[in-house]
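Reader: Hey, I've got a structure to look at and no clue where to begin. Can you walk me through it?

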Amino acid sequence: MDIRTEILQMVQKKESELPTLPVAVDKIISVASDEKTTTQELLTVISYDQGMTTKLLKLANSIYYAQKIKVETIKRAITIIGFEEIIGIALGMGILSSFTEKTGLSLDMKALWIHGIGVATAAKELAKRTDPGLANKIFIPALLHDMGKVIFSVYFKEEYTRARQFAIEKKKPLYFAENALFKIDHAVLSALMMKRWHFPQSIILPCRFHHHPESSPIKFKHHALIINLADYLTQKAGIGYSGNPFPVAIKDSPQKIGISPSILKLTLDLLKRKEDEINDFFNITTGA
């Protein structure tokens, strides 16, 4: 059986070796899917998980969010961090915890998660410059865009090591090697997993098309373009490591988003300056 067929069967079967997400994360996905969700409803869901509540409070008080007055309640933390960002961080922590006991992985999960935080940081900054209303909504798909790499790394360790070597030898991005060897890449796999876990389309589609934004449904094309460029900038800034030996952005992506060369440089410089803050974000959310 080829890897693509095996993956499709694994994702589509109700009973498979894929992890079940914690109950709190299931509830947060429901919250993320409902545009009418209130802050109080989100607060109630998060409060069921004491570990998550503690980490989110620590994060609200971290150098990443730079608050002068101590944040002492989760309600205040939601205000400081932002409704959409809280959902994204909670989802990320829940998904990451589902794989923490796996060993001998072909990718460094710490480096990959730091990369995701970097991409979310850059994507939010790019969105502020081009579509301020998108700035908070882009955080979740940007943070989780490489989730498919976790599945490859956990369940297809040797094959994924070969794919990474293939990318190095051919001097091509990792998604090229994945498609060449597996006939499926991590972006498609991310979307399949998100569909299995009932994520909303607003998260699934920007992740699914972050390497091919031009193929995205028009409603999410700008989202996918931003994540594509943020991904590239984060790799160029050396924030974490996504396993990709040859980062590329699609042709003319800054112009397509509406970003000038000077803003592009400012965003890259911002990422480099925020490296310590991004690492602090990682340490808090993983309990490292």
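Author: Sure, we'll go from the whole fold down to single residues. One thing up front: this is a predicted model.

Reader: Okay, how many helices and strands are there in the protein?

Author: The protein has 17 helices and zero strands.

Reader: And what's the overall size along the principal axes?

Author: The C-alpha trace spans about 55 × 50 × 35 Å along those axes. The radius of gyration is 18 Å, and a compact globule with 288 residues would come out near 19 Å, so the two agree.

Reader: What share of the residues count as buried?

Author: Of the 288 residues, 53% count as buried. Contacts tell you something too: taking those with a separation of 6 or more, 70% are between residues 24 or more positions apart.

Reader: Let's pick a helix. How many residues does α6 have, and what distance does it reach?

Author: Helix α6 covers residues 83-97, which is 15 residues. From first C-alpha to last it reaches 21 Å, close to the 21 Å expected at 1.5 Å a residue.

Reader: How many of the residues of α6 are buried?

Author: 11 of the 15 are buried, so α6 is largely enclosed by the rest of the structure. Among them are E85, I86, I87, G88 and I89, and the buried set also includes L91, M93 and I95.

Reader: Is α9 mostly covered or mostly exposed?

Author: Mostly covered: nine of its nine residues are buried. Those include M147, K149, F152 and Y155.

Reader: Switching topic: how many aromatic pairs does the structure hold?

Author: Four aromatic pairs. One of them is Y64 with F281, an edge-to-face pair with 4.9 Å centre to centre and 75° between the planes.

Reader: Which parts of the chain does that pair link?

Author: Distant ones. Y64 sits in the loop between α4 (50-60) and α5 (74-81), while F281 is in helix α17 (residues 275-286), 217 residues apart. Y64 and F281 are both buried.

Reader: What other rings does that cluster have?

Author: Y65 belongs to it as well: ring pairs link Y64, Y65 and F281 into a cluster. Y64 also has a lysine over its face, since K274 lies there at 4.7 Å from the ring centre, which fits the cut-off of within 6 Å for a charge over a ring.

Reader: Where else does a lysine lie over the face of a ring?

Author: Over F176: K172 lies over its face, 5.1 Å from the ring centre.

Reader: And what about F152, which you mentioned in α9? What ring does F152 pair with?

Author: F152 pairs with F182, and the pair is tilted, with 5.2 Å centre to centre and 40° between the planes. F152 lies in helix α9 (residues 147-155) and F182 in helix α11 (residues 174-182), so the pair ties together parts 30 residues apart in sequence. Both F152 and F182 are buried.

Reader: Can we zoom in on T234? Where does T234 lie?

Author: T234 is in helix α14 (residues 221-237). T234 counts as buried because its relative accessibility is 0%, and the cut-off for buried is under 20%.

Reader: What does the side chain of T234 reach?

Author: It reaches the backbone oxygen of G118, at 3.4 Å. Apart from neighbours within four places in sequence, T234 is in contact with H115, G118, V119, A122, I239 and L271.

Reader: Last topic: which residue has a positive phi although it is not a glycine?

Author: A66 is one of those, with a phi of about 50°. A66 is in the loop between α4 and α5, and A66 is exposed, with a relative accessible area of 58%.

Reader: What about D252, what's its phi?

Author: D252 has a positive phi of about 60°, and D252 is not a glycine either. D252 is found in the loop between α14 and α15 (253-257). At 38% relative accessibility, D252 counts as partly exposed.

Reader: And K137, where is K137 found?

Author: K137 is in the loop between α7 (109-130) and α8 (139-144). At 46% relative accessibility, K137 counts as partly exposed. The C-alpha atoms of K137 and T286 are separated by 22 Å, with their positions 149 residues apart along the chain.

Methods. Residues are numbered from 1 along each chain as its sequence is written. This is a predicted model: local features need pLDDT of at least 70, side-chain atom pairs count only at pLDDT 80 or more; totals for chains, interfaces and linings use all residues. Side-chain values use heavy atoms; hydrogens and water are left out. Rings of Phe, Tyr and Trp (its six-membered ring) pair if their centres lie within 6.5 Å; planes under 30 degrees apart count as stacked, over 60 as edge-to-face and the rest as tilted. Helices (H or I, at least four residues) and strands (E, at least two) are DSSP runs, numbered from the N terminus. Buried means under 20% relative accessible area, exposed over 50%, partly exposed in between (1.4 Å probe, protein chains only). A charge sits over a ring if NZ of Lys or CZ of Arg is within 6 Å of the ring centre and within 35 degrees of the ring normal. The expected span of a helix is 1.5 Å times one less than its number of residues. A polar contact is a pair of N or O atoms within 3.5 Å; within protein, one must be able to donate a hydrogen and the other to accept it, and residues adjacent in sequence count only if both atoms are side-chain atoms. Contact means heavy atoms within 4.5 Å. The radius of gyration is taken over C-alpha atoms; the globule rule is 2.2 Å times the number of residues to the power 0.38.
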